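Colleague: Please take one part of this model and go through it closely. I would like a single connected account rather than a list.

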Amino acid sequence: TAEKTRYEAEFLRLFDTVTKVIGYADSKEEFSTFVQDLYDELEAYHRLYDIYNEYEGVNNIRTVNENAGIRPVEVDKRIIDLLKLGVEAYDLSDGRVNIAMGSVLRLWHDYRVAGTSDPSRATLPSMEVLREADRHTDIEAVIIDEEAGTVFLTDPAMSLDVGGIAKGYATEQVVLHAIERGFTDGVVS
């Protein structure tokens, strides 16, 4: 068999980070097809796990957060799988990894954005505000109903933030699918 050629691709848009793909293929076209498939799959995960943006026809983590204390939200199985991993990570880490920390992380995000837009007025959130937000981070308030395909946050002030696990999980799932399709000579970072 002929030796395969090394190719590289890189894109920035998804998960607010750089994704780099290095692979060996018989042709540039074969590699480009693989990269496009990879991109399309990662984009689907990006939309599902997004906490800031909504997408037409997609119930994502933002949708779940917006319905906290209101109603269960029917979601894609890929969200349920990620949230189950998040609960497992919480248990394995004795609570150090907590996908229910959205209320606290949102404060830090908002203060960072405000400070970046006007550095002369940059401040940190007070301990009082942080402690209040921390009251809404109980992982037990995340109700995952696999049979119904829904997620419900029983605390109306709670929100999910899956930033600590989503990129790695999505990348792993996309790579496992690529391997099933026969692309075994490469790396995704």
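Modeller: A residue is called buried if its relative accessible area is under 20%, and exposed if that area is over 50%. The model is predicted. I will take the first helix, α1, which covers residues 28-49, and follow its aromatic side chains and its helix partner.

Some context first. The chain has six helices and six strands, arranged along the sequence as β-β-α-α-β-α-α-α-β-β-α-β. Of its 189 residues, 40% count as buried. Among contacts between residues at least 6 apart in sequence, 59% join residues at least 24 apart.

Now the rings. Five aromatic pairs turn up in a search of the whole structure. In one of them, the ring centres of Phe-11 and Tyr-39 are 4.8 Å apart; the planes stand at 80°, which is over 60°, so this pair is edge-to-face. Phe-11 belongs to strand β1 (residues 5-11) and Tyr-39 to helix α1, so the pair links parts of the chain that are distant, 28 residues apart. Tyr-39 has a relative accessible area of 18%, and because this is under 20% it counts as buried. Phe-11 is buried too, at 13%.

Another pair on the helix has a different geometry: the planes of Phe-34 and Phe-183 are at 5°, under the 30° limit, and the centres are 3.6 Å apart, so these rings are stacked. Phe-34 is in α1, while Phe-183 lies in the loop between α6 (166-180) and β6 (186-188), so the pair ties together parts that are 149 residues apart in sequence. Phe-34 has a relative accessibility of 7% and is therefore buried; Phe-183, with a relative accessible area of 14%, is also buried. Both rings belong to one aromatic cluster, whose other members are Tyr-7 and Phe-31.

Tyr-45 has a charged neighbour. The charged end of Arg-78 sits over the ring of Tyr-45, at 5.4 Å from the ring centre.

Phe-34 and Tyr-45 also take part in the packing of α1 on another helix, α6. The two axes come within 10 Å and cross at roughly 145°, and the crossing is right-handed. From α1, the contact uses Phe-34, Leu-38, Glu-41, Leu-42, Tyr-45 and Tyr-49. From α6, the residues are Ala-166, Tyr-169, Ala-170, Thr-171, Gln-173, Val-174, His-177 and Ala-178. By type, this contact divides into 10 nonpolar residues, three polar and one charged.

Leu-42 of that contact also leads to strand β2 (residues 19-25), where Thr-19 lies. Leaving aside neighbours within four places in sequence, Thr-19 is in contact with Leu-42, and also with Ala-9, Glu-10, Phe-11, Val-188 and Ser-189. Thr-19 has a relative accessible area of 7%, so it is buried. Phe-11 therefore appears twice in this account: as the ring partner of Tyr-39, and as a contact of Thr-19.

To put the pieces together: Tyr-39 of α1 pairs with a ring in β1, Phe-34 stacks on Phe-183, Tyr-45 lies under the charged end of Arg-78, and the helix crosses α6 in a right-handed sense.

Note on methods: Residues are numbered from 1 along each chain as its sequence is written. This is a predicted model: local features need pLDDT of at least 70, side-chain atom pairs count only at pLDDT 80 or more; totals for chains, interfaces and linings use all residues. Side-chain values use heavy atoms; hydrogens and water are left out. Rings of Phe, Tyr and Trp (its six-membered ring) pair if their centres lie within 6.5 Å; planes under 30 degrees apart count as stacked, over 60 as edge-to-face and the rest as tilted. Helices (H or I, at least four residues) and strands (E, at least two) are DSSP runs, numbered from the N terminus. Buried means under 20% relative accessible area, exposed over 50%, partly exposed in between (1.4 Å probe, protein chains only). A charge sits over a ring if NZ of Lys or CZ of Arg is within 6 Å of the ring centre and within 35 degrees of the ring normal. Contact means heavy atoms within 4.5 Å. Axes are lines fitted to C-alpha atoms, for helices over the stretch in contact, and angles run from 0 to 180 degrees between N-to-C directions. A crossing is left-handed if the near helix is turned anticlockwise from the far one by less than a right angle, and right-handed if clockwise. Ala, Val, Leu, Ile, Met, Phe, Trp, Tyr, Cys and Pro count as nonpolar, Asp, Glu, Lys and Arg as charged, and the others, Gly among them, as polar.
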